[in-house]
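Subject: Structure for you to look at

Hello,

Here is the structure I said I would pass on. My notes on it follow below the display.

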Amino acid sequence: MEQVLTAQFWLGLGTIIWVNIILSGDNAVVIALAARSLPQRQQKLAILWGAAAAVVLRIILTIVAVKLLELPYLKLVGAAALLWIAVQLLIPEDDGDGEVESSSHLIGAIKTILIADLVMSTDNVIAVAAVAKDSITLLVLGLVISIPLVIFGATVLMKLMERYPIIITLGAAILGWTAGEMAVTDPAIAEWVKANMEWMESFYIAPIVGAVIVVVVGKWIAARRRPPLPENENI
């Protein structure tokens with residue numbers, strides 16, 4: 001109960017909610033697509049039960065990830081994966097909506113939602129486990145609050161992200177910050193870093209470097225993938 005009264009707990013809770021909002025946009029769209037062929041009354045049931053099952057599954061997977069990150073070298077691997085996930089946020093994706101099958105039955109729609117969320121939740125699990133560290137209370141509370149918000153507010157969120165791209169950039173930077181922080185706290189190197197490079201923790205050098213790498217690399221790749229402007233033809 002004491003940790004709930006600390007500023008660090010609420011900062012971590014806000015970060016988990018923010019990270020899930022940024023990373024779960026695709027999941028929310030998939031849920032909407034999976035339920036689109038159901039009668040209107042069953043659509044709400046499919047979204048409700050599908051969301052509830054997804055929350056439980058996500059909590060279990062993330063608790064497992066939190067425990068795994070206590071092992072040597074896995075935080076380094078997780079930090080590298082988180083950096084890549086964050087960079088991918090800044091790169092335009094191809095439209096893959098056609099790959100999602102809708103279902104005309106409630107149980108089928110819920111099953112589709114659950115499977116899709118499982119397949120697409122790797123990034124969320126790694127990111128939330130990194131932010132939650134060893135606090136199961138923070139983890140569960142953050143997921144329970146954020147996932148329903150994302151699911152029921154999918155349309156609004158997508159419109160906001162399209163109108164204000166800075167939201168996505170800021171979310172990617174937060175993930176980069178978390179990755180940098182996670183890397184230097186890996187059990188395999190934490191003691192060495194504390195003894196020889198304590199300034200990296202004192203001045204938040206590793207998190208800052210992680211955030212900068214994500215934004216710079218992500219924007220650079222996005223610029224390279226952007227189609228060139230057509231040249232003016234002489235008439």
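For the pocket lining described further down, Ala, Val, Leu, Ile, Met, Phe, Trp, Tyr, Cys and Pro count as nonpolar, Asp, Glu, Lys and Arg as charged, and the others, Gly among them, as polar. Please also keep in mind that this is a predicted model.

Overall

The secondary structure of the protein consists of 12 helices and zero strands. Read from the N terminus, the order of elements is therefore α-α-α-α-α-α-α-α-α-α-α-α. The protein has 235 residues, and 41% of them are buried. Among contacts with a separation of 6 or more, 88% join residues 24 or more positions apart. The exposed surface comes to about 14000 Å², with 66% of it supplied by carbon and sulfur atoms.

The second largest pocket

This pocket holds about 460 Å³ of space. Its lining has 17 residues, and Gln8, Leu11, Gly12, Val131 and Lys133 are the closest to its centre. By type, the lining of the second largest pocket divides into seven nonpolar, seven polar and three charged residues. Helix H1 (7–23), helix H6 (122–132) and H9 each contribute at least two residues to that lining. Which helix gives the most to the lining of the second largest pocket? H1 does, with five residues.

Helix H1 and leucine 138

The 17 residues of H1 should span 24 Å at 1.5 Å a residue, and the end C-alpha atoms are 24 Å apart, so the two values agree. Buried residues in H1 are Phe9, Gly12, Leu13, Thr15, Ile16, Ile17, Val19, Asn20, Ile21, Ile22 and Leu23. Gly12 thus appears twice in these notes, because it is also among the residues closest to the centre of the second largest pocket, where lining residues have an atom within 4 Å of a point.

Several of the buried H1 residues meet leucine 138, whose place is in helix H7 (residues 136–152). Leaving aside neighbours within four places in sequence, leucine 138 is in contact with Phe9, Gly12, Leu13, Ile16, Val131 and Ala132. Leucine 138 counts as buried because its relative accessibility is 5%, and the cut-off for buried is under 20%. The C-alpha atoms of leucine 138 and glycine 14 are separated by 9.9 Å, although the two residues are 124 residues apart along the chain.

Helix H9, threonine 169 and tryptophan 220

Helix H9 (residues 166–183) has 18 residues and reaches 26 Å from its first C-alpha to its last, close to the 26 Å expected at 1.5 Å a residue. In H9 the buried residues are Thr169, Gly171, Ala172, Ala173, Leu175, Gly176, Thr178, Ala179, Gly180, Met182 and Ala183.

Is threonine 169, which is found in helix H9, buried or exposed? Threonine 169 is buried, with a relative accessible area of 12%. Beyond its neighbours within four places in sequence, threonine 169 is in contact with Leu90, Val215 and Lys219.

Leucine 90 also comes up in a pairing with tryptophan 220: the two are 130 residues apart in sequence and 9.3 Å apart in space, C-alpha to C-alpha. Tryptophan 220 lies in helix H12 (residues 205–225). At 52% relative accessibility, tryptophan 220 counts as exposed, because the cut-off for exposed is over 50%.

Tyrosine 73 and helix H4

Tyrosine 73 has a positive phi of about 75 degrees although it is not a glycine. Tyrosine 73 sits in the loop between helix H3 (40–68) and helix H4 (74–89), and is exposed, with a relative accessible area of 54%.

For H4, 16 residues at 1.5 Å a residue should span 22 Å, and the end C-alpha atoms are 23 Å apart, which agrees. Lys75, Gly78, Ala79, Leu82, Ile85, Ala86 and Val87 are the buried residues of H4. An α-helix has 3.6 residues a turn, so residues three or four places apart point the same way.

Isoleucine 113

Isoleucine 113 is found in helix H5 (residues 106–120). With a relative accessible area of 1%, isoleucine 113 is buried. Its C-alpha atom is separated by 8.1 Å from that of isoleucine 47, and the two residues are 66 residues apart along the chain.

Regards

Key:
Residues are numbered from 1 along each chain as its sequence is written. This is a predicted model: local features need pLDDT of at least 70, side-chain atom pairs count only at pLDDT 80 or more; totals for chains, interfaces and linings use all residues. Side-chain values use heavy atoms; hydrogens and water are left out. Helices (H or I, at least four residues) and strands (E, at least two) are DSSP runs, numbered from the N terminus. Buried means under 20% relative accessible area, exposed over 50%, partly exposed in between (1.4 Å probe, protein chains only). Contact means heavy atoms within 4.5 Å. Accessible areas come from the Shrake-Rupley method with a 1.4 Å probe; for residues, only the protein chains shown count as cover. The expected span of a helix is 1.5 Å times one less than its number of residues. On a 1 Å grid over the protein atoms alone, a cavity is a set of points where a 1.4 Å probe fits but cannot get out, and a pocket is an open set with protein on both sides within 12 Å along at least five of seven lines; lining residues have an atom within 4 Å of a point. Grid points are joined across faces, edges and corners, and a volume is the space filled by probe spheres set on the points.
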